[in-house]
Number of protein chains: 4
Amino acid sequence: MNAENFEAACGVIPASYARQAQQGRRRRENLIKSLLSQRRLPDEGWDEETIELFLHELAAMDSNNFVDNVGVGEREARVYSGIVARRHYRMAHGVGRSGDVAASQPKAAGSSLVNSITRRLALDAVRICGFVDAASVLVLPLATGMAITMALLALRQQRKAGRVVVWSRVDQKSCVKSIAAAGLEVEVVEGVLEGDELRTDLPAIEAAVSSREREAPGSVLCVVSTTSCFAPRAPERVVKAPRLCARLGVGHLVNNAYGLQSARTAHKLSKACRRGRVDAVVQSTDKNFMVPVGGSILAAKDPTLIEAVNGMYPGRASSGPVLDLFVTLLAMGAAGLRSLLRQREELLPEMRARLAAVAEARGERLLHTPRNPISLAMTVDKVGASARERTQLGAMLYSRCVSGVRVVSADGPSQKVAGREFRHYGAHHDAYPHSYLTAACAVGLTRPEFEAFAQRLERTLGELAKMRAKGAAAAGAAGA
Amino acid sequence: MNAENFEAACGVIPASYARQAQQGRRRRENLIKSLLSQRRLPDEGWDEETIELFLHELAAMDSNNFVDNVGVGEREARVYSGIVARRHYRMAHGVGRSGDVAASQPKAAGSSLVNSITRRLALDAVRICGFVDAASVLVLPLATGMAITMALLALRQQRKAGRVVVWSRVDQKSCVKSIAAAGLEVEVVEGVLEGDELRTDLPAIEAAVSSREREAPGSVLCVVSTTSCFAPRAPERVVKAPRLCARLGVGHLVNNAYGLQSARTAHKLSKACRRGRVDAVVQSTDKNFMVPVGGSILAAKDPTLIEAVNGMYPGRASSGPVLDLFVTLLAMGAAGLRSLLRQREELLPEMRARLAAVAEARGERLLHTPRNPISLAMTVDKVGASARERTQLGAMLYSRCVSGVRVVSADGPSQKVAGREFRHYGAHHDAYPHSYLTAACAVGLTRPEFEAFAQRLERTLGELAKMRAKGAAAAGAAGA
Amino acid sequence: MNAENFEAACGVIPASYARQAQQGRRRRENLIKSLLSQRRLPDEGWDEETIELFLHELAAMDSNNFVDNVGVGEREARVYSGIVARRHYRMAHGVGRSGDVAASQPKAAGSSLVNSITRRLALDAVRICGFVDAASVLVLPLATGMAITMALLALRQQRKAGRVVVWSRVDQKSCVKSIAAAGLEVEVVEGVLEGDELRTDLPAIEAAVSSREREAPGSVLCVVSTTSCFAPRAPERVVKAPRLCARLGVGHLVNNAYGLQSARTAHKLSKACRRGRVDAVVQSTDKNFMVPVGGSILAAKDPTLIEAVNGMYPGRASSGPVLDLFVTLLAMGAAGLRSLLRQREELLPEMRARLAAVAEARGERLLHTPRNPISLAMTVDKVGASARERTQLGAMLYSRCVSGVRVVSADGPSQKVAGREFRHYGAHHDAYPHSYLTAACAVGLTRPEFEAFAQRLERTLGELAKMRAKGAAAAGAAGA
Amino acid sequence: MNAENFEAACGVIPASYARQAQQGRRRRENLIKSLLSQRRLPDEGWDEETIELFLHELAAMDSNNFVDNVGVGEREARVYSGIVARRHYRMAHGVGRSGDVAASQPKAAGSSLVNSITRRLALDAVRICGFVDAASVLVLPLATGMAITMALLALRQQRKAGRVVVWSRVDQKSCVKSIAAAGLEVEVVEGVLEGDELRTDLPAIEAAVSSREREAPGSVLCVVSTTSCFAPRAPERVVKAPRLCARLGVGHLVNNAYGLQSARTAHKLSKACRRGRVDAVVQSTDKNFMVPVGGSILAAKDPTLIEAVNGMYPGRASSGPVLDLFVTLLAMGAAGLRSLLRQREELLPEMRARLAAVAEARGERLLHTPRNPISLAMTVDKVGASARERTQLGAMLYSRCVSGVRVVSADGPSQKVAGREFRHYGAHHDAYPHSYLTAACAVGLTRPEFEAFAQRLERTLGELAKMRAKGAAAAGAAGA
């Protein structure tokens with residue numbers, strides 16, 4: 001309510017009560033004022049009431065919600081269902097306009113504010129995570145895969161002859177698909193085994209780029225590095241690869257899907273931006289900031305490619321992923337985000353130790369993957385005699401309400417992705433010497449949750465062992 | 001957002017967009033301003049967005065929602081469950097304070113505004129319904145029965161010797177119970193049959209009052225009249241009864257539970273207030289204004305008793321019923337309320353004709369009850385041979401998703417209510433000559449709804465007739 | 001969804017996914033099954049999703065929400081506003097029916113389930129709080145004051161000649177008003193000062209009862225004891241008073257508004273029920289269970305009076321307070337409730353020590369009130385020279401967002417409540433020797449909240465001291 | 001609740017009430033059963049309660065909502081903010097998986113059901129709109145522009161040499177941008193003027209394709225036709241163009257952004273699919289089905305390209321646009337959708353007549369554009385003397401709360417879009433002979449809304465005329 005209305009309220013309730021209320025209200029207006037004028041992530045997260053009040057205020061700024069609005073265009077943000085209108089807080093115009101996806105819309109001042117401010121908050125958040133050299137970000141209402149496709153398409157507008165992407169193997173389908181969707185060719189470079197860990201084969205990448213460029217100069221569009229991945233694969237050598245790209249004069253995209261939650265990874269990305277070529281780093285909003293799937297953040301020190309993606313985006317897009325991030329970052333505040341990140345870093349060594357104990361008790365072991373700051377792997381070589389038997393472990397865990405465990409069998413099948421055959425798909429390597437399961441210490445995981453996982457895993461491994469023992473006995477009996 | 005924040009927004013989105021948004025926002029602020037300064041039911045109902053925005057604004061005025069609030073009292077409106085907090089829009093301090101139930105609370109300026117304004121809106125609404133002489137109202141978070149009890153208790157503080165209530169019989173339990181709960185004695189006066197209709201026996205009421213007063217002067221606290229009731233009972237002779245009370249010097253309460261929706265009844269109440277004694281008229285918020293059960297409105301021309309109830313109410317109360325009425329009246333506006341009332345008046349003759357047709361087709365008839373403007377009754381004398389068989393009709397209708405039909409059998413049982421025996425309880429009369437069913441043309445009933453009722457009733461009567469025919473045939477066969 | 005629909009889902013998504021989902025769903029159905037069959041407070045609180053799903057299920061059981069429903073009664077739970085419908089989860093029939101306020105309604109099976117189960121959950125909750133001998137409870141949609149009025153009215157139906165209530169003074173208006181509202185006379189017995197504490201004068205109560213009974217046998221309806229009150233008043237001698245009542249043959253109600261949160265008080269009430277006469281103990285739902293204002297729980301070992309109130313209640317009532325308690329108790333679970341109670345008990349000594357330190361630093365002291373387990377008081381004798389100056393402290397604290405502090409000045413004015421004059425109203429005593437402020441360690445208070453209070457109090461006392469010093473200097477200068 | 005729980009409820013409320021409730025519940029289960037087994041748009045729309053209950057049921061099927069779930073993956077649908085969780089009904093896993101964007105996710109059976117069923121409902125809806133030959137659809141969480149980009153990228157995987165898109169000019173930026181984003185070249189073919197209408201120059205298209213193919217065989221990827229556009233441009237000759245494409249052996253995409261709401265356009269598309277080549281028709285969900293911006297539907301008779309897009313989509317995507325369409329189509333039902341479409345068709349001639357009258361009164365005229373079934377245009381040649389003065393009309397209307405009007409001046413400037421210069425951008429033509437304004441008769445427009453527009457337009461034109469007259473007088477006076 002404006003000051004005039006607080007005045008009017010004094011005719012209804014005692015003036016002193018109205019004044020006190022107005023003072024309380026001003027406190028909230030000041031939070032909004034700070035946000036609009038400083039455009040920074042607030043230190044303390046906002047309470048739900050403040051956020052909801054602000055969302056209602058913002059909705060009231062969109063023309064489709066004006067009391068007397070009459071719309072005679074072809075898109076007037078009419079919403080048929082009350083359920084749908086409410087879940088969008090009645091902001092229905094989406095984000096972006098023909099100019100670019102971060103542009104303000106004249107019909108939708110409130111939605112535009114959300115969009116613009118979220119971009120600023122996201123920049124702050126990315127820096128708080130440790131990627132302090134990020135200077136430009138774009139929040140896309142597209143998940144990581146599509147965001148990489150968009151970045152590749154934008155990159156190609158700068159390097160028209162580019163048609164090859166050199167990529168160090170990581171067995172996540174959407175990665176290869178995002179390159180193929182852009183109409184580009186993937187040149188896969190296998191990783192090398194160092195101890196238990198799978199690491200980037202930088203010389204092979206250099207060789208691949210050089211050979212392709214020799215054949216057809218300008219044909220290598222870029223290298224795509226992956227900094228967040230399942231153990232036992234290690235994140236890409238994120239400082240060395242950019243130098244290589246700078247030296248060879250090819251583009252460089254980083255698939256950092258869930259790497260923002262690791263301070264180490266984020267700091268390395270910062271260093272990489274300073275010392276080599278990084279056109280854009282792509283990260284998922286859901287995996288790093290605990291929102292529903294659907295958004296990503298492009299970040300870089302150099303704004304060129306990011307602005308190119310922004311300007312290239314054809315038309316409007318769903319405002320949902322941006323709204324989710326907006327609400328979430330306001331609710332977290334800088335302090336809340338820092339605390340979440342710290343909790344994850346603290347939990348990691350505990351989780352490592354606990355999983356190692358589970359492994360040892362069964363004659364297995366935790367794979368030694370010190371460079372992977374999020375994903376852990378323990379061998380399951382003694383669980384089952386075949387890929388089929390081993391994957392049963394995953395199914396059993398899932399039916400015990402454990403989600404997210406992957407079981408990879410050393411003798412797993414090959415698979416064709418986007419037209420290319422990968423051996424032992426899932427293992428990131430043609431011949432990884434162990435079967436293993438992976439579990440992630442991801443942001444938001446809690447100690448009790450992890451402990452419950454460890455116990456259910458122990459129990460399930462125990463049951464499988466018993467079943468095998470029985471089976472062996474039966475087989476022995478049958479054979480006798 | 002205040003003007004300062006719209007200014008700040010100009011740094012984020014183009015200034016022209018922000019200005020247009022501010023203009024749109026001002027339109028809503030003006031709606032609120034009108035409400036706070038005129039305190040009248042707005043002509044046009046408010047849209048949901050405006051109401052919700054206003055509710056959030058109001059919540060922000062309650063101290064428990066202040067960003068920095070620290071509460072060290074014994075009642076600080078802490079709410080444990082988010083579900084509960086949200087359904088109350090975070091207003092948790094209830095209504096009233098020790099002073100009176102309509103008083104403002106220092107800790108809860110927003111809740112207090114809701115409470116105060118609702119009282120004004122309710123007065124407007126009562127007048128729009130036709131009770132134009134109402135000059136004072138009180139919205140109680142109590143349903144009709146308890147509201148009558150409260151009015152009786154307040155009346156007794158004015159007339160200490162009063163211990164008898166003279167009451168024309170109407171077979172609704174809560175009515176008798178509301179008198180008994182106040183610790184008073186009921187003197188029941190039976191109605192008289194005029195044609196099909198049961199009417200108030202005014203001479204008998206006069207006789208009852210006079211006789212009791214002769215025995216013990218001052219012992220008759222008041223007469224309680226009932227103006228909304230099931231056909232074939234007619235509403236009380238609402239203009240004559242008050243004159244009688246004025247002449248005899250006893251109090252007069254009117255139980256007008258759902259009578260506000262009838263313009264005729266409301267106009268008569270106005271007349272009654274001008275010409276005789278009416279201490280308070282009690283009406284239900286749910287039955288007249290389509291809110292959930294739980295509130296009532298006390299109204300009168302003379303504010304004495306109403307202020308007495310207000311001042312007598314001990315402590316705080318739930319704000320729920322007041323909030324529901326507040327939201328509903330804002331959503332309706334004067335125009336919406338008038339339109340609802342008009343629709344009901346239009347539907348009544350159609351419903352009467354349709355029910356008469358259903359009745360005739362089965363050899364029954366619509367009871368002639370021209371004075372009852374809401375409830376209709378048709379005989380079901382030929383349906384079943386006993387009370388038990390007849391009430392089966394009600395059960396069958398209910399299982400066909402028809403609710404609200406009452407079947408009253410001419411040979412129904414007696415019942416004891418609040419210690420007193422009533423013959424043929426439910427029929428409002430010791431010996432009503434017909435069995436019948438009732439249906440109401442209540443506010444909010446729609447034409448398609450009524451038509452569906454008529455069809456299901458036809459079908460059910462048909463099925464019962466067939467069952468009886470079969471039963472008779474079987475009995476005949478058995479007897480042969 | 002029922003089993004058939006999970007089967008149908010297998011035609012849309014892979015059967016194994018549907019099965020897993022069905023298993024997850026069954027887990028929730030089992031929570032509901034336990035609740036419906038055991039009717040006990042669950043050990044662990046339910047998550048929001050389960051509660052909301054259950055509320056939607058319950059709503060679907062009310063006839064007004066049946067897909068094909070046609071209503072032709074005068075009360076059909078039609079709800080005009082979507083906002084209102086949603087905040088009640090579309091349950092609009094209220095609680096109770098003419099029979100009694102805890103009765104099931106045929107039209108509203110879902111609402112009735114909520115009502116019935118809440119009564120059981122409330123009994124469990126009352127026992128968990130320590131009132132283990134409670135055997136019967138009633139949840140009333142009335143706050144404490146009105147609940148006491150209702151209990152007094154019910155008691156009078158059992159003891160028709162009763163018209164006096166003997167009551168040990170406690171300066172809360174709603175208490176006296178609740179007696180007056182029932183049309184009864186209050187006989188006030190002043191407390192006695194023992195050290196800093198105000199205690200019940202049991203001999204005086206006995207004398208008052210005896211004297212009144214001698215004058216007019218049967219005229220004393222009951223004694224009303226108060227077990228939760230502001231320091232320096234102590235809770236009533238709750239075990240001795242009931243014995244007295246039993247011996248004298250008069251009724252005994254206990255106003256235990258917020259006493260349930262103290263294990264000591266609750267245990268004493270249990271003992272009192274076993275050893276003496278306790279007709280009913282009345283407690284607030286908001287103060288003990290963190291729901292919005294509006295409900296209360298009547299509890300006793302002997303169900304007589306409680307069932308009388310239940311049966312006497314005229315008609316229906318708002319379901320809001322019951323729904324709030326239902327949701328809250330399910331969300332808490334027994335474990336959550338125990339944890340809240342434990343936190344409060346742990347915080348009490350810390351709060352006492354901290355407040356004592358604040359007091360000492362200013363030359364004041366914490367009043368020694370060891371028997372009051374919730375409210376604390378510190379002297380403010382040196383703050384200001386008059387009642388007016390002292391109450392400024394309260395206003396200053398409130399404007400610094402501290403709510404709930406009461407400042408009572410030793411020279412405060414008299415006040416008339418419900419027709420009776422009280423000297424130094426607010427102090428519970430005609431001549432309490434100190435000015436003081438009170439603060440409560442109520443359930444839900446957190447450590448940071450209390451610490452913020454202590455700091456703001458320190459600062460405010462400091463400012464007042466400075467202002468006084470300046471004033472004195474100025475006065476000195478002026479006098480010089 | 002399952003049958004067992006209804007049984008358990010019989011121990012709490014009377015069994016007959018529980019049975020009736022169960023019967024009511026079964027009615028809703030049957031609606032769900034029909035949906036899951038028939039996978040068709042229901043005839044009658046569902047009420048809000050049924051939809052919300054179903055959404056809660058679906059959410060309960062997603063593993064992140066299982067009561068005992070423990071997630072140790074890198075993406076576990078943890079949601080930080082309650083506001084965000086609730087607005088997604090706690091379904092947070094998005095849609096799609098690496099396989100394809102319409103695939104089911106093992107962790108999210110509920111979300112997957114939503115996704116799968118929405119695809120079926122969308123197919124039904126597209127057919128009800130008149131595009132009866134549609135046999136395959138895909139709902140993309142991308143607005144029209146991006147959806148066209150995706151379709152072009154998928155088409156190029158089939159026709160590797162394709163790099164040119166032949167396109168009949170329509171001045172909407174996102175159209176050109178969607179082609180450029182895919183890395184393709186646009187060959188623009190200007191329309192021809194037939195009376196007031198701008199029509200497709202089919203011979204010029206044929207010439208363009210042939211010439212390009214001659215130069216470089218296989219280089220023309222496709223023709224992109226536009227079937228919904230602002231008057232005075234007419235929709236593409238949608239039956240002839242596909243035949244041409246079939247004959248010439250090039251692809252054919254149709255940008256039917258908001259054309260689905262016109263039965264004529266939809267029927268022509270059906271015919272086009274039967275008689276010529278249509279790889280995919282792209283339509284917006286917001287413009288045709290009244291949901292917030294963010295989704296589109298790809299439809300075709302031949303599923304090849306649609307399945308290619310589905311399979312090419314890299315990774316997951318926001319479930320928001322799909323959820324919105326799901327809820328909306330369930331709420332509409334087939335009957336609701338038909339009724340909306342009919343209302344629009346009925347309003348069109350009225351709007352045409354009304355706008356013609358407004359025009360004539362000002363010496364302007366309605367442009368004769370009989371082939372455009374949605375957008376209307378009236379000349380504003382006499383409004384202002386320059387482009388700048390004319391566009392003031394648009395600004396004035398917008399500040400009077402009319403949104404969606406476009407004013408196009410005959411002397412408007414050129415503009416560069418995606419690197420290409422367009423003369424008189426906005427007019428779809430290098431030299432359109434009139435200045436005009438456009439207004440659309442879009443689905444959801446109401447009669448009162450349109451009438452308000454006409455009146456505000458009249459008033460604004462009047463004001464502008466007065467201002468001009470004054471200006472002329474002043475100029476005359478100055479000149480005299």
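Q: When do two strands pair?
A: Two strands pair if DSSP finds at least two bridges between them. Strands (E, at least two residues) and helices (H or I, at least four) are DSSP runs, numbered from the N terminus.

Q: Cool. And what kind of model is this?
A: It's a predicted model, where local features need pLDDT of at least 70, side-chain atom pairs count only at pLDDT 80 or more, and totals for chains, interfaces and linings use all residues, while side-chain values use heavy atoms, leaving out hydrogens and water. Residues are numbered from 1 along each chain as its sequence is written, and chains are lettered from A and ligands numbered from 1 in the order in which they are written.

Q: Back to strands: which strand of chain D pairs with strand 12 of chain A?
A: Strand 1 (residues 70-71) of chain D pairs with strand 12 (residues 402-403) of chain A, in the parallel sense and over two bridges.

Q: Which residue is the bridge partner of V402(A) there?
A: V70(D), in strand 1 of chain D.

Q: How many residues of chain A are in contact with chain D?
A: 95 residues of chain A are in contact with 95 of chain D, contact being heavy atoms within 4.5 Å. Between them the two chains bury about 7600 Å², with 61% of that on carbon and sulfur atoms. Buried area is the accessible area (1.4 Å probe) lost on putting two parts together, summed over both.

Q: How many salt bridges are there between chain A and chain D?
A: Eight. The rule asks for a side-chain nitrogen of Lys or Arg within 4 Å of a carboxyl oxygen of Asp or Glu. One salt bridge joins the side chains of R86(A) and E48(D), at 3.1 Å, N to O.

Q: Which element of chain A gives the most to the side that touches chain D?
A: Helix 13 (residues 320-361), with nine residues. The side of chain A that touches chain D has 48 nonpolar, 27 polar and 20 charged residues. For those classes, Ala, Val, Leu, Ile, Met, Phe, Trp, Tyr, Cys and Pro are nonpolar, Asp, Glu, Lys and Arg are charged, and the others, Gly among them, are polar.

Q: What turn lays chain A on chain D?
A: A turn of 180°, with a shift of 0.0 Å along the axis and an RMSD of 0.1 Å. So that's the relation of a two-fold axis. R87(A) has the C-alpha nearest the axis in chain A, 2.4 Å away. Copies are superposed by least squares on C-alpha atoms of residues with pLDDT of at least 70 in both.

Q: Switching topic: how many residues of chain D are in contact with chain B?
A: Five of chain D, with five of chain B. The area buried there is about 550 Å², and carbon and sulfur atoms give 38% of it.

Q: How many salt bridges cross the interface of chain D and chain B?
A: The rule finds zero. Helix 2 (15-38) and helix 14 (387-399) of chain D are the elements that give two or more residues to its side of this interface. By class, that side has one nonpolar, three polar and one charged residues.

Q: Why do the copies meet through the same surface?
A: Because 100% of the interface residues of chain D are also interface residues in chain B.

Q: Last one: how many salt bridges over all chains?
A: 156. Among them is the one between the side chains of D68(B) and R27(A), at 2.5 Å, N to O. That pair crosses between chains, from the loop between helix 3 (48-61) and strand 1 (70-71) of chain B to helix 2 (residues 15-38) of chain A.
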